[in-house]
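Student: I am new to this structure and should like to understand how its descriptive terms are justified. May we go through them one at a time?

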Amino acid sequence: MQCEYVLPAELRPPIEVNGMVCVSNGQTSRMLVVNPNGTIRCANMGAAGSNQVCVGSLCYPIL
């Protein structure tokens, strides 16, 4: 799932960063991904997938 918001250039990471997010039903984990082009997306980590609400955060240095 692609986020509609794109990070401004000064807040973009120099490389792709990602981290696991928690899914509200406790089933299939998802991954939050921020790309150097500023796009943000959430992807399934497994075959079954999940359409439940998920919560997570990413921290990375801004150079």
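Tutor: The following exchange concerns a predicted model and sets its values against the definitions in use.

Student: What makes the contact between the side chains of R30 and N44 a polar contact?

Tutor: The side chain of R30 lies 3.1 Å from that of N44. The cut-off is 3.5 Å between N or O atoms, so the pair qualifies as a polar contact.

Student: Why is R30 said to have no salt bridge?

Tutor: R30, which is in strand β2 (residues 30-34), is buried, and its nearest side chain of opposite charge, E4, is 14 Å away. A salt bridge requires a nitrogen–oxygen pair within 4 Å; therefore R30 and E4 do not form one.

Student: How do you know that β1 and β4 are paired?

Tutor: Pairing requires at least two bridges. Strand β1 (residues 17-23) and β4 have two, in the antiparallel sense, so they count as paired. In this pairing V23 has C54 of β4 as its bridge partner.

Student: Why are β3 and β4 called edge strands?

Tutor: The open sheet has four antiparallel strands in the order β3-β2-β1-β4. Strands β3 (40-44) and β4 (54-55) each pair on one side only.

Student: What makes up the largest nonpolar core?

Tutor: Its seven residues are L7, V17, V21, L32, V34, I40 and C42. Strands β1, β2 and β3 each give two or more residues to this core. L32 touches several residues distant in sequence, including V17, V21 and I40.

Notes
Residues numbered from 1 in each chain as written. Predicted model: local features only at pLDDT ≥ 70, side-chain atom pairs only at ≥ 80, totals over all residues. Heavy atoms only, no water. Buried < 20%, exposed > 50% of the residue type's maximum accessible area, 1.4 Å probe, protein only. Lys, Arg positive; Asp, Glu negative; His and termini not counted. Polar contact = N/O pair within 3.5 Å; in protein donor to acceptor, adjacent residues only side chain to side chain. Core = buried A, V, L, I, M, F, W, Y, C linked by side-chain atoms within 4.5 Å. Contact = heavy atoms within 4.5 Å. Lists of a residue's contacts leave out its neighbours within four places in sequence.
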